[in-house]
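Reader: I am in my first year and still learning how to look at a protein model. Please choose the core as the single part to look at closely, and walk me through it step by step.

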Amino acid sequence: MCDRGDTVRVCVPKAEANHWHFQDIDRCIAPLVNALNKSDIYTASCCCGHGEELGHIWLRDGRALIVLPDATKDMITEMVTKPDAAKEKR
Ligand SMILES: [Zn+2]
């Protein structure tokens, strides 16, 4: 995870179709955001969480990706199958 303000300029889509602009993206997730947009999976906003909260990438289609820097398979399984238990451990 990067510190707040540690960003990289990434070309991302604007809300209007076919318009792109450069935006400062958290350094640790900038390659992921760039790869998604280049693959026509358009992002709307994002934050790595900076170690204070879960990282996330909102997609323009309304879905969201959660970014866990040190995730394990067990952690993901518990979050998906027992979300209330996983929440208490955080
Ligand atoms: Zn970061």
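Author: Let's begin with a word we will need all the way through: two residues are in contact if their C-beta atoms, placed from the backbone, lie within 7 Å. Please also keep in mind that what you see is a predicted model. The mean pLDDT of the protein is 90, and 93% of the residues reach 70 or more. Confidence is not even along the chain: helix H1 has the highest mean, at 97, while helix H3 (residues 83-89) has the lowest, at 69.

First, a quick tour to get your bearings. The protein has three helices and five strands, and from the N terminus on they follow the pattern β-β-α-β-β-β-α-α. The C-alpha trace spans about 40 × 30 × 15 Å along its principal axes. Of the 90 residues, 14% are buried.

Now to the core itself. The largest nonpolar core has 10 residues: Val10, Val12, Ile25, Ile29, Ala30, Val33, Cys46, Cys48, Ile57 and Val67. Two elements give two or more residues to this core, namely strand E1 (7-13) and helix H1 (30-38). There is a common pattern behind such a cluster: in soluble globular proteins, nonpolar side chains tend to be buried together.

Let's pick out one member, Ala30, which lies in helix H1. Is Ala30 buried or exposed? A residue is buried if 20 or more other C-beta atoms lie within 10 Å of its own. Ala30 has 21 such atoms within 10 Å, so Ala30 is buried. Leaving out residues up to four places away in sequence, Ala30 touches Val8, Val10 and Ile25. Two of these names, Val10 and Ile25, are ones you have just met in the core list.

Next comes Ile29, also a member of the core. Which residues does Ile29 contact, once its neighbours within four places in sequence are set aside? They are Cys46, Cys48, Gly55, Ile57 and Val67. Several of these names lead us to a sheet, which is where we go now.

Three strands form an open sheet in the order E3-E4-E5, with antiparallel pairing. Strand E3 (43-47) and strand E5 (64-67) stand at the edges with a single partner strand each, so one side of each has no neighbour in the sheet. On average, neighbouring strands of this sheet are turned by 10 degrees against each other, direction ignored.

Look a little longer at the pair E4 and E5. Strand E4 (residues 55-59) pairs with E5 over four bridges, in the antiparallel sense. Two of the bridge partners are easy to find: Gly55 goes with Val67, and His56 goes with Ile66. E4 and E5 also make a hairpin with four residues between them, and in its turn Gly62 has a positive phi of about 100 degrees.

The core member to find in strand E4 is Ile57. With 21 C-beta neighbours inside 10 Å, Ile57 counts as buried. Ile57 touches Ile29, Val33, Thr43, Cys46, Ala64, Leu65 and Val67, again not counting residues up to four places away in sequence. One of these, Thr43, is 14 residues from Ile57 in sequence but 6.9 Å away in space, C-alpha to C-alpha.

For contrast, step away from the core to Glu52, in the loop between E3 and E4. Glu52 has 9 C-beta neighbours inside 10 Å and counts as exposed. Ala30 and Glu52 are 22 residues apart along the chain, and their C-alpha atoms are separated by 18 Å. Glu52 and Met1, on the other hand, are 51 residues apart in sequence, with 9.9 Å between their C-alpha atoms.

Another residue in the loop between E3 and E4 is His50. His50 counts as partly exposed, with 15 C-beta neighbours inside 10 Å, and has a positive phi, near 50 degrees, although it is not a glycine.

To sum up the close look: Ala30 in helix H1 and Ile57 in strand E4 both belong to the core of 10 residues, and Ile29 is in contact with Ile57.

Methods
Residues numbered from 1 in each chain as written. Predicted model: local features only at pLDDT ≥ 70, side-chain atom pairs only at ≥ 80, totals over all residues. Core = buried A, V, L, I, M, F, W, Y, C linked by C-beta atoms within 7 Å. Buried ≥ 20, exposed ≤ 12 C-beta atoms within 10 Å, placed from the backbone. Pairing = 2+ DSSP bridges. Axes fitted to C-alpha atoms, helices over the stretch in contact; angles between N-to-C directions. pLDDT = per-residue confidence, 0-100.
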